[in-house]
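Visitor: I would like to go through this structure step by step, with the reasoning behind each answer spelled out. Could we begin with the terms we need?

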Amino acid sequence: MAKTRELCKDIRDKIVDLHKAGMGYRTIGKQLGEKATTVGAIIRKWKKFKMTVNLPRSGAPCKISPRGASMIMRKVRDQPRTTRQDLVNDLKRAGTTVSKKTISNTLRRHGLKSCSARKVPLLKPAHVQPRLKFANDHLDDPEEEWEKVMWSDETKIELFGLNSTRRVWRKKKDEYNPKNTIPTVKHGGGNIILWGCFSAKGTGRLHRIEGRMDGAMYREILANNRLPSVRALKMGRGWVFQHDNDPKHTARATKEWLRKKHLKVLEWPSQ
């Protein structure tokens, strides 16, 4: 992967002269012992700038050749979790010795930067299709419909300890590409369990769950926090309630309670 030698001006001028004489790239290459691609590059440069000498460079020349840059770009596209040291080692095996700082500069010039991998729910194949169907079913729903939804969920908040962070090389809009994310399992640990709700108009009530929540406790939380949140957010009539498919949410007693309260529930895909 070391840089190739540069042709002297005499050979470059000879290539241009032979091209003017009507010879093709391959014929010129065979006659002068150069690759046809090299001949073509010199002729294209001559056509564009009307000269064969190298143009003045701004700053120091790149330590990594275009071929080497292409190699590390392919590596990080296929394996975004590749470290800078991995790339330094790859280039060293190919004959180019550079620092990790040079690797960073090269990747940034190609639009990549080191970012923390986003955490997303761990989806099995059985989860993907229902989610895709849900997205397609609601693809054309107007914005006003989503403004009527009261979203709710429970979560555990970690008060102590560090969450592991992994960094990936990606472009700005690729944060949710599966290669650039870290799968997570819901309710992965913590010390405080909370139930909360929100809508497009703002956040509703937040309720701390003491002990282990069962179906009866969940229904009590809804009874005490649902309507006050709706009134505070001024959602009016026709609002829709959303919760996921947790067993406490889908229990027969909970479904019957929701039916008696005349609540319209948004159908939700698994996971």
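Guide: A residue is called buried when its relative accessible area is under 20%, exposed when that area is over 50%, and partly exposed in between. Please keep in mind that this is a predicted model.

Visitor: How many residues of strand β6 are buried?
Guide: Strand β6 covers residues 192-199 and is largely enclosed by the rest of the structure. That description holds because, of the eight residues in the strand, the number that are buried is six.

Visitor: Which residue in β6 is the bridge partner of K156?
Guide: Strand β3, residues 149-157, pairs with β6 in the antiparallel sense, and seven bridges hold that pairing. Within β6, the residue that partners K156 is I193.

Visitor: Which residue in β7 is the bridge partner of F198?
Guide: Strand β7 spans residues 202-209 and runs antiparallel to β6, with six bridges joining the two. The connection from β6 to β7 is a hairpin through two residues. Within β7, the bridge partner of F198 is T203.

Visitor: How many salt bridges does a search of the whole structure find?
Guide: The pairs include E145 with K148, whose side chains meet at 3.9 Å, N to O, which fits the definition because a side-chain nitrogen of Lys or Arg has to lie within 4 Å of a carboxyl oxygen of Asp or Glu. Over the whole structure, the number of salt bridges found is eight.

Visitor: How far apart are the closest N and O atoms of K75 and D90?
Guide: K75 belongs to helix α4, residues 66-78, while D90 belongs to helix α5, residues 84-93, so that this salt bridge links parts of the chain 15 residues apart. K75 counts as partly exposed at 22% relative accessibility, whereas D90 counts as buried at 15%. The closest N and O atoms of the pair are separated by 2.6 Å.

Visitor: Is D246 buried or exposed?
Guide: D246 forms a salt bridge with K248, in which the closest N and O atoms are 3.0 Å apart. K248, at 21% relative accessibility, counts as partly exposed. The relative accessible area of D246 is 17%, and therefore D246 is buried.

Visitor: Which residues are joined into one network by salt bridges that share partners?
Guide: The pair of K75 and D90, described above as a salt bridge, belongs to this network. Through shared partners, the residues joined together are K75, D90 and R93.

Visitor: What percentage of residues 70-140 is helix?
Guide: In an unreviewed entry, UniProt lists residues 70-140 as "domain: Transposase Tc1-like". Across that range the end C-alpha atoms lie 41 Å apart, and the chain is 11% strand and, for helix, 59%.

Technical notes: Residues are numbered from 1 along each chain as its sequence is written. This is a predicted model: local features need pLDDT of at least 70, side-chain atom pairs count only at pLDDT 80 or more; totals for chains, interfaces and linings use all residues. Side-chain values use heavy atoms; hydrogens and water are left out. Helices (H or I, at least four residues) and strands (E, at least two) are DSSP runs, numbered from the N terminus. Buried means under 20% relative accessible area, exposed over 50%, partly exposed in between (1.4 Å probe, protein chains only). UniProt positions are given in the numbering used here, feature names are shortened, and annotations may be inferred rather than shown by experiment. Two strands pair if DSSP finds at least two bridges between them.
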